[in-house]
Amino acid sequence: MKRILIVGAGGQIGSELTTYLRKIYGNDNVVATDVRECKQLAESGPFEVMNALDANAMAEMVSRQKIDSIFNLVALLSAVGEAKPQTAWQVNIGALMNSLEVARQYNCALFTPSSIGAFGPSSPKDKTPQDTVMRPTTMYGVCKVTGEMLGDYYHSRFGVDTRSVRFPGLISNVTLPGGGGTTDYAVDIYYSAVKGEKFICPIPEGTLMDMMYMPDALNAAISLMEADPTKLVHRNSFNIASMSFTPEIIYAEIKKRLPDFTMDYDVDPVKKAIAESWPNSLDDTCAREEWGWKPEWDLSSMTDDMLEVIRKKNLK
Ligand code: AKB
């Protein structure tokens with residue numbers, strides 16, 4: 001990767017991935033784009049407003065900026081996707097198709113995240129295998145499975161270097177996930193804890209979901225894109241995993257450090273149904289074997305870091 005385009009750079013993943021990629025490949029070589037202005041990203045390198053649904057604009061950008069690698073991060077997440085399924089399809093698949101086409105025309109490598117949401121209630125729940133039944137019951141999941149298949153199709157039919165990982169719920173402290181995801185609670189809980197507020201959890205007690213700290217997620221995306229293609233048996237998309245917990249497990253972990261912290265439940269029925277349709281944990285053996293995936297963060301080390309970083313924000 002020498003000249004990189006990030007599509008959807010203003011979101012939870014993009015805002016951190018842009019900074020990370022700029023550190024590795026040089027500020028000027030990472031062109032961040034989003035449908036909205038992002039002041040912070042524009043301060044450290046090239047930034048342009050671009051609508052990922054505008055195929056001509058994306059092609060013009062890739063040609064003008066001499067791009068060789070694209071990270072397409074545009075996504076309407078799972079819960080918002082159930083509120084607006086038609087829009088979710090148009091945005092998620094529209095941005096992906098434009099990215100695939102431009103990658104084909106300009107010979108670029110393409111990374112697009114998939115998700116644990118690509119699995120459904122008929123997938124094995126525990127240690128969900130890499131290759132198994134995938135019949136998601138959400139529009140988000142339908143988009144993710146479609147995206148995985150399109151990625152493999154563009155690779156086998158046109159030779160496009162498409163690669164992807166199935167991200168678990170991502171926990172981070174730079175840009176908030178925005179409320180549209182089912183796993184967002186695992187970010188919000190830290191902010192409530194630091195602010196000294198009671199946390200109202202929308203996910204029922206006992207619901208296990210795979211989660212990951214953002215530094216591991218960024219490392220996964222870059223390691224996969226840099227991996228030796230001859231070693232890749234799979235491409236779209238790899239299971240990756242680092243930790244799996246329920247609301248009461250993360251709550252207990254925070255309470256060890258902040259004994260006055262309290263949590264109550266007000267379950268959101270849509271998020272409950274989505275969470276219950278997803279795996280409890282993924283088996284990431286293929287990622288470990290094919291490109292050396294290895295997470296560095298667990299719940300305890302992540303909790304120490306999240307609390308420390310959020311405390312420094314001096315939130316009211
Ligand atoms: C969501 O909750 O929708 C996302 C995801 C797990 O893909 N964070």
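Leaving aside its neighbours within four places in sequence, which residues is I240 in contact with? In this predicted model, where contact means heavy atoms within 4.5 Å, I240 meets V165, R166, F167, P168, M212, A220, L282, D284, A287, W291 and W293. Residues are numbered from 1 along each chain as its sequence is written. Because the model is predicted, local features need pLDDT of at least 70 and side-chain atom pairs count only at pLDDT 80 or more, while totals for chains, interfaces and linings use all residues, and side-chain values use heavy atoms, with hydrogens and water left out.

I240 also leads into the interior of the model. A nonpolar core is a set of buried Ala, Val, Leu, Ile, Met, Phe, Trp, Tyr and Cys residues joined through side-chain atoms within 4.5 Å. Buried here means under 20% relative accessible area, exposed means over 50%, and partly exposed lies in between (1.4 Å probe, protein chains only). The largest such core has 36 residues, and the members that touch the most others are L21, I240 and W291. At least two residues of this core come from each of β1 (4-7), α1 (12-25), β2 (30-34), β5 (109-111), β8 (165-167), α8 (214-226) and α11 (285-291). These labels follow DSSP runs numbered from the N terminus, with helices (H or I) of at least four residues and strands (E) of at least two. The biggest contribution is that of α8, with eight residues. A second, separate core holds 35 residues, among them F119, V187, Y191 and Y251.

The strands come next. Strands of a sheet pair through backbone hydrogen bonds, either parallel or antiparallel. Two strands are taken to pair if DSSP finds at least two bridges between them. One open sheet has three strands in the order β9-β11-β13, with mixed pairing. Its edge strands, β9 (169-171) and β13 (243-245), each pair on one side only. Direction ignored, neighbouring strands of this sheet are turned by 40° against each other on average; axes are lines fitted to C-alpha atoms, for helices over the stretch in contact, and angles run from 0 to 180 degrees between N-to-C directions. β9 and β11 (residues 209-213) run parallel and are joined by three bridges, with L170 partnered by M212 in β11. Three bridges also join β11 to β13, but these strands run antiparallel, and M211 has M243 in β13 as its bridge partner.

How is β11 placed, enclosed or open? Five of its five residues are buried, so β11 is largely enclosed by the rest of the structure. Both of its faces are covered, with M209, M211 and Y213 buried on one side and D210 and M212 buried on the other.

Another open sheet of three strands has the order β6-β8-β12, and its pairing is parallel. β6 and β12 (238-239) each have a single partner strand, so one side of each is left without a neighbour in the sheet. Two bridges join β6 to β8, and S115 stands opposite F167 in β8. The loop between β6 (114-115) and α6 contains T128, which counts as buried because its relative accessibility is 0%. Not counting residues up to four places away in sequence, T128 touches F119, S123, N239, P279, S281, L282 and D283.

Two helices complete the picture. The expected span of a helix is 1.5 Å times one less than its number of residues. For the 22 residues of α5 (residues 85-106) this gives 32 Å, which agrees with the 31 Å between its end C-alpha atoms. Buried residues of α5 include A88, V91, N92 and I93, and their cover includes α3 (55-64), β4 (69-72), α4 (78-83), β5, α6 (139-158) and β7 (162-163). N107 follows α5 and has a positive phi, near 55°.

For the 14 residues of α12 (residues 299-312), the expected span of 20 Å agrees with end C-alpha atoms 20 Å apart. L299, M302, T303, M306, L307 and I310 are buried in α12. Seen down the axis, these buried residues fall within an arc of 125°, so they line one face of the helix; the arc is that of the directions from the helix axis to the C-beta atoms. The buried residues of α12 pack against β9, α7 (185-195), β11, β13 and α9 (247-257).
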